[in-house]
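Here is a brisk tour of one protein chain. Keep the model in view while you read.

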Amino acid sequence: MKDAVMRLARTPLTVLTCAAVAGCAVGPNYARPSAPVSATFKEAAGWSPAAPADALERGDWWTLFGDPVLNGLMARVQVSNQNIIAAEAAYRQARALVSEQRAALFPTVNTSGSATRSGSGAGGSAIIVNPDGSTSGGSSGGTARNTYRVTLGASWAPDIWGRIRRTIEASRANAQASAADLAAARLAAQGELAANYFSLREAEAEMALDQATVASYRRTVQISQNQYNAGIAPRSNLLQAQTQLDNALADLAGTQQTRATYEHAIAMLVGEAPGNFSLATAAWTSTVPETPPGVPSTLLQRRPDIAAAERRMAAANAQVGVQVAAYFPSLSLTGSYGFASTELGALISAPNALWSMGASAAETLLDFGARRARVTEARAAYDQAVAQYRQTVLTALQDVENQLVATRVLAAQYDLRRDASAAADAAEQMVTNRYQAGQVSFVDVVTAQAAAYAARRALAQATAQRQNTAVALIQSLGGGWRPAP
């Protein structure tokens with residue numbers, strides 16, 4: 001093929017024709033490799049698959065939790081989060097690079113002008129005005145001569161073998177990967193914000209529980225103190241009551257710290273210094289939306305990390321073509337047209353016109369395997385990108401399966417925690433009544449109170465876990481959805 005090309009290159013008309021049609025791009029054309037996708041989700045038993053065309057459209061998924069404060073925070077995170085801003089800037093850089101690479105397909109046009117004054121002999125001087133505006137001088141004779149020149153030139157390297165087009169293809173794929181990275185950064189920030197917000201509301205619920213428990217234990221301490229002072233109860237009852245109260249106060253302090261930590265995290269996500277941000281205590285909206293998991297193949301279109309991996313695979317494939325093009329000759333065309341005259345007023349006239357045209361070709365004859373090594377390197381990079389793409393798909397499928405099973409198990413656990421909390425509250429009340437009637441010891445009261453307190457905390461934690469799992473499932477599915485009509 002190379003010999004045939006060199007024979008064609010001997011005919012200028014043939015070369016120009018090949019350049020005009022831009023030839024064919026060498027290297028492999030991209031075809032997306034297969035991915036290890038199953039037909040259904042293993043853990044999706046009992047779920048109704050969603051249709052990608054309607055029920056799995058991305059949207060403001062956080063509104064399904066029905067919390068107006070969360071909605072307001074989400075609006076801020078999309079415009080103020082620094083990770084999102086950085087990803088958006090990277091995307092703009094990638095798009096600019098595509099435009100820069102595309103410009104190489106077209107000729108470069110330039111213009112230049114000069115004015116020169118020169119002479120010969122002794123006793124005089126010459127002032128030379130250079131094109132950049134600077135001057136230089138020297139000895140000259142009594143006669144001086146002015147020379148004026150203006151030129152319009154162009155140069156073009158036709159993309160006969162598709163090297164530039166493969167480079168553009170790679171840049172375009174990388175830009176699309178950057179767009180997917182931006183979507184991934186936005187989804188990650190949104191998911192992290194939602195998780196931190198629900199954890200903060202859980203901490204507030206536990207704070208309220210701790211405060212109510214502290215108030216109850218204070219009353220118990222007071223009762224034990226009165227009974228001990230009256231000599232009808234041992235001092236051990238008072239010590240046990242005081243121990244419970246101190247532990248409850250310690251739990252309250254720890255929960256307050258937890259809430260503050262989540263508030264600081266939310267401040268960072270919305271782009272504010274923690275010292276300038278505060279979030280008022282509010283009622284906890286414990287809504288857990290139902291999530292249609294769809295089918296595994298939809299992840300290939302919805303997950304931004306999968307999309308980014310697939311686009312980087314396409315870019316790596318295009319780089320193979322870029323390196324293969326180095327085996328073929330390069331062609332450059334140049335041309336210029338201008339005027340030169342000793343009289344400025346007569347500069348732009350037909351007798352003073354100057355023009356030139358030229359073509360050059362270059363081919364590397366011996367590089368001791370450098371091109372072959374670069375092609376091998378590019379192919380290896382493509383193989384690496386394929387493996388990374390498939391691994392990303394597997395990880396995504398694992399994420400969805402994990403969140404599906406967690407969603408099902410936590411729903412069952414929540415019902416059990418709720419029943420257990422109700423039973424523990426009833427048992428605490430019954431034991432307290434029996435203690436006041438002198439039917440049981442104070443140890444029974446302490447045991448019942450501790451069990452009721454643990455059950456209440458477990459119920460609050462189960463509620464937050466269900467919401468955070470719903471958020472994680474939404475992220476693993478690649479974004480939100482809209483209920484089917």
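## Overall make-up

The protein chain has 10 helices and six strands in its secondary structure. This is a predicted model. The protein chain holds 485 residues, and 37% of them count as buried. Take the contacts in the protein chain with a separation of 6 or more: residues 24 or more positions apart account for 81% of them.

## Two helices by length

Helix H9 covers residues 370-436. Helix H10 covers residues 442-476. The table sets out their spans.

| Helix | Residues | Expected span | End-to-end C-alpha distance |
|---|---|---|---|
| H9 | 67 residues | 99 Å | 92 Å |
| H10 | 35 residues | 51 Å | 50 Å |

For H9, the expected span follows from 1.5 Å a residue, and the distance between the end C-alpha atoms agrees with it. H10 also comes close to what 1.5 Å a residue would give.

A glycine with positive phi follows each helix. After H9 comes Gly438, with a phi near 75 degrees. Just after H10, Gly478 has a positive phi of about 95 degrees.

Now look before H9. Phe368 sits in the loop between strand E6 (353-362) and H9. Most residues other than glycine have a negative phi. Phe368 is not a glycine, yet its phi is positive, about 55 degrees. Is Phe368 buried or exposed? Its relative accessibility is 75%, so Phe368 counts as exposed.

## How helices pack

H8 and H9 pack with their axes 8 Å apart, at an angle of about 170 degrees. An angle over 145 degrees counts as roughly antiparallel, so H8 is roughly antiparallel to H9. On the H8 side, the contact includes Asp305, Ile306, Ala309 and Met313. On the H9 side, it includes Arg374, Ala385, Tyr389 and Ala396. The residues of this contact divide into 15 nonpolar, four polar and five charged.

H3 (residues 68-80) and H4 (residues 82-103) meet in another way. Their axes come within 6 Å and cross at roughly 45 degrees. H3 and H4 are therefore oblique to each other. H3 brings Val77, Gln78, Val79 and Ser80 to the contact, while H4 brings Gln82, Ile84 and Ile85. Four of the residues in the contact of H3 with H4 are nonpolar, three are polar and none is charged.

## The nonpolar cores

In soluble globular proteins, nonpolar side chains tend to be buried together. Here the largest nonpolar core has 30 residues. Which of them touch the most other members? They are Phe41, Leu299, Ile306, Tyr389 and Val400. The elements giving two or more residues to this core are helix H7 (299-302), helix H8 (304-324), strand E5 (330-341) and H9. H9 gives the most, with 11 residues.

Val400 is in contact with Phe41 and Leu299, and also with Leu473, Ser476 and Leu477, leaving aside its neighbours within four places in sequence. Another core lies apart from this one. That core has 27 residues, among them Phe65, Tyr197, Ile266 and Ala267.

## Buried residues up close

Ala396 lies in helix H9. Its relative accessible area is 0%, so Ala396 is buried. Beyond its neighbours within four places in sequence, Ala396 is in contact with Leu299, Arg303 and Ile306. Ala396 and Leu300 are 96 residues apart in sequence, but their C-alpha atoms are 9.3 Å apart in space.

Charged residues can be buried here too. Glu428 is found in helix H9. With a relative accessible area of 13%, Glu428 is buried. What does Glu428 contact, leaving aside its neighbours within four places in sequence? Its partners are Ala448, Gln449, Ala452 and Arg456.

Asp210 is in helix H5 (residues 163-229). Asp210 counts as buried because its relative accessibility is 1%. Setting aside its neighbours within four places in sequence, Asp210 is in contact with Asp251, Leu252, Thr255, Tyr453 and Arg457.

Technical notes: Residues are numbered from 1 along each chain as its sequence is written. This is a predicted model: local features need pLDDT of at least 70, side-chain atom pairs count only at pLDDT 80 or more; totals for chains, interfaces and linings use all residues. Side-chain values use heavy atoms; hydrogens and water are left out. Helices (H or I, at least four residues) and strands (E, at least two) are DSSP runs, numbered from the N terminus. The expected span of a helix is 1.5 Å times one less than its number of residues. Buried means under 20% relative accessible area, exposed over 50%, partly exposed in between (1.4 Å probe, protein chains only). Contact means heavy atoms within 4.5 Å. Axes are lines fitted to C-alpha atoms, for helices over the stretch in contact, and angles run from 0 to 180 degrees between N-to-C directions. Angles under 35 degrees count as roughly parallel, over 145 as roughly antiparallel, 65 to 115 as roughly perpendicular and the rest as oblique. Ala, Val, Leu, Ile, Met, Phe, Trp, Tyr, Cys and Pro count as nonpolar, Asp, Glu, Lys and Arg as charged, and the others, Gly among them, as polar. A nonpolar core is a set of buried Ala, Val, Leu, Ile, Met, Phe, Trp, Tyr and Cys residues joined through side-chain atoms within 4.5 Å.
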